[in-house]
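Q: I would like a close look at a single part of the model below, together with some account of how far the surrounding prediction can be relied on. Please begin with the confidence and then move on to the part itself.

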Amino acid sequence: MAESDAHALAIRIAERVAPDEVDIAPDVLDAAIRGGREWEELLRQRRTPLVGGIGPDTTAGLLLIVFDWLRQNGPTLLGCISSGLNIILLLRQVAGGGAKSPEATTARPPDTQAAIASLEVSILALQKRLTTQGQSQQQAAAITQGLLEELEAALTTTREVVERLERRTPP
Amino acid sequence: VRKRGRARVANVVSGAKAAADEMLNDLPDIPPWIWIWTATFMVQLPGEFGKAWFFTSGTLVNTLIPSTLPPGTLPPTWHNAVIIIPPVLIILLPHVSLGLGIAMTALPWLRGRWVERRHRLSPLAAVQRARPTHVEILAFIARIAPDTAVRAYFANSSRIAFAYPLGYRCSAIGIFGGLTRLWHRDRAVAEAVLLHEAAHVLHRDVLVLGSGSALKAVAERWIWIALLLVVMPVTVGAGALSLANSSGSPQQADAFEGLRLLVVYGGSIIAFVVACAFFYTGAVFAPLIAAIWAAELSADRSAAARHTGGAQALLRLLEEEQRQVKGSLWHSLGSGFSHPPSRLRCWLLRRSDQRCALAVALLIFPLGYTASPVLLAAAMSMLNMAAYILSGPVAPPRAIAAGFILGLERIAALELLATGIALTVWPIIARRSAAGRTPALYLALGAPLVALGLWNRLTS
């Protein structure tokens, strides 16, 4: 995968979930891939200003949350997609209160069903995290849908990005 | 050869004139208090360090030596030292941290490297993907602060921007992901932020603002420092003391005696800690905090003056910040060391073209500078109180009051005269800034301070 593919995906995700973060999307993705202490510090987001500085920016960075979710749940997501699950349908079911349709859960091996259940839980956790950062329920749902649609639309690139997030090899 | 020599000299002279001219153009309307404070602090540092040592070790040893206490109450053993030495360290800590902070500012390239490493800042050439927004930001910085380096770390979206030194004549503005987000959300606010940072560079206070970092570092760790240097040793020392007394005199070996000793000594030393934490540290740091606040207010005023709508843009940022962190004590404490309270900044920005706002901004530092001896007097009273609890006859309440009055009488001479003279002469030096247009205001504020200082010197 070319470097620009991963960055282009990051930018497309930013355009859907946080348009004001478009310019920093490649840098945030690279930091997520590097992981380690740097990523932990970014997630901590200290809110006290620096001497000689201005700020901090008091609104939360959404890309950090979104890429952190992808770091933790990328393999599960890929497993579900490759098993033929309709992610968007699953998302609608999660948004609708968690009632499972036969398409999402039946006629699949038990381990796939477990992966789907795990993905459902992680999607709910992502939405909760977004709402605690000041997003409304509708905004959180829209952000989640935008993210999953972009990931599904560029499946090859998504797979590469998820592998890099696991291996921690920046482009 | 002579002609060539003359031409070279003429070039150097014209270059120096141009540099001086540029410097005069950049002077702010608020005197560079942080430079004035740094200079006076450096001159006074050895003496102040000595005083701090005397203040702690002398008074404590005088208070705690066995001869001044009822026989057998405090044997001169290791737990005596355990009680005395750590509070001495905590009293010296503000001076040590400030000295280190100022030493770091004397080595700006070292500080620059440290700042870049800590915040993962790198030159924009190393940031591989320059997007249109980044190019726009760079062009804007080049226009408002020529010859200023720019370093970036865009992955961090919680920080916006800050200025720091790279050398004596070279500064940088560090920009973060928060700035590009702001650039998209509200371009005017982002530009006002950069103008504020450019003002720090142009006013040349980036070199010394770093001394405030030491204060911030100490303040952020204050609870742990107090626990390590005071609460733990006092508990151990007082516990050991009560045990020693119990074993030395079996008739007193009851729980109540041990508890009494623990309460008396623990209480006394805790009173001392309160004095140290709230008054002594405040006395040492109040002028620096006031100087940093004045530098920030000066940068705000500069941003408001250089950009149409700059005051309104900064107001929007500060009001948004106030809304987001409303009620957060941690944020108020953390930001209080590096910036004036947002409410004060907003109040001043709303009146940035009025003289009352300029007067308030001008008086921030003189107030902080003269508050220092008041806090020191309060600290000495607290220490006397601790001494009184320990050894009744040494410092009766009258002496405590006398100590406070004596401390108050020290307010004066140097602080009042220095700030008063600086205020009075500043319109002459910065005649091209707003100060040059309103010399009467500076005289009206500076003259009473000079008069008070002279009166104090003559009467004390």
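How many contacts beyond four places in sequence does the model have for residues 248–253 of chain B, where pLDDT stays under 50? After that, what covers the buried residues of α6(B)?

A: For residues 248–253 of chain B, the model has two contacts beyond four places in sequence, and pLDDT stays under 50 over this stretch; pLDDT is the predictor's confidence in each residue, from 0 to 100, and a contact means heavy atoms within 4.5 Å. This is a predicted model, in which local features need pLDDT of at least 70 and side-chain atom pairs count only at pLDDT 80 or more, whereas totals for chains, interfaces and linings use all residues. Residues are numbered from 1 along each chain as its sequence is written, chains are lettered from A and ligands numbered from 1 in the order in which they are written, and side-chain values use heavy atoms, with hydrogens and water left out.

Across chain B the mean pLDDT is 76, and 65% of the residues reach 70 or more. Residues 65–76 of chain B have a pLDDT below 50, yet the model gives this stretch 22 contacts beyond near neighbours in sequence. For the complex, the predictor reports an ipTM of 0.84 and a pTM of 0.79.

The setting of the helix is a chain of 460 residues, 52% of which count as buried (under 20% relative accessible area, with exposed over 50% and partly exposed in between, using a 1.4 Å probe and protein chains only). Chain B holds 19 helices and four strands, taken as DSSP runs numbered from the N terminus (H or I with at least four residues for helices, E with at least two for strands). Among the contacts of chain B that join residues at least 6 apart in sequence, 77% are between residues at least 24 apart. The accessible surface of chain B is about 21700 Å², and carbon and sulfur atoms contribute 67% of that surface (Shrake-Rupley method with a 1.4 Å probe; for residues, only the protein chains shown count as cover).

Helix α6(B) itself is mostly covered, with seven of its nine residues buried. These buried residues are B:Gly177, B:Gly178, B:Leu179, B:Thr180, B:Arg181, B:Leu182 and B:Trp183. Their cover includes two strands, β2 (149–153) and β4 (171–176), as well as the helices α5, α7 and α12, which likewise belong to chain B.

One of these neighbours, α5 (residues 132–144), packs against α6 (residues 177–185) at an angle of about 95°, with the two axes 11 Å apart (lines fitted to C-alpha atoms, for helices over the stretch in contact, with angles from 0 to 180 degrees between N-to-C directions). The pair α5(B) and α6(B) is therefore roughly perpendicular (65 to 115 degrees; under 35 counts as roughly parallel, over 145 as roughly antiparallel and the rest as oblique). On the α5(B) side the contact is made by B:Thr133, B:His134, B:Glu136, B:Ile137 and B:Phe140, and on the α6(B) side by B:Leu179, B:Thr180, B:Trp183 and B:His184. By class, four residues in this contact are nonpolar, four polar and one charged (Ala, Val, Leu, Ile, Met, Phe, Trp, Tyr, Cys and Pro are nonpolar, Asp, Glu, Lys and Arg charged, and the others, Gly among them, polar). Of the α6(B) residues that meet α5(B), B:Leu179, B:Thr180 and B:Trp183 also appear among the buried ones.

Two other helices named in that cover, α7 and α12, also pack against each other: α7 (residues 187–202) and α12 (residues 310–324) of chain B cross at an angle of about 100°, with their axes 8 Å apart. That angle makes α7(B) roughly perpendicular to α12(B). Here B:Ala188, B:Val189, B:Ala192 and B:Val193 of α7(B) meet B:Gly310, B:Ala313, B:Leu314, B:Arg316 and B:Leu317 of α12(B), and the classes come to seven nonpolar, one polar and one charged.

In the loop between α7 and α8 (206–209) of chain B lies B:Arg204, a residue other than glycine whose phi has a positive value near 60°. With 30% relative accessibility, B:Arg204 counts as partly exposed. B:Arg120, in the loop between α4 (108–118) and β1 (122–123) of chain B, is not a glycine either and has a positive phi of about 55°. B:Arg120 is partly exposed as well, with a relative accessible area of 30%.
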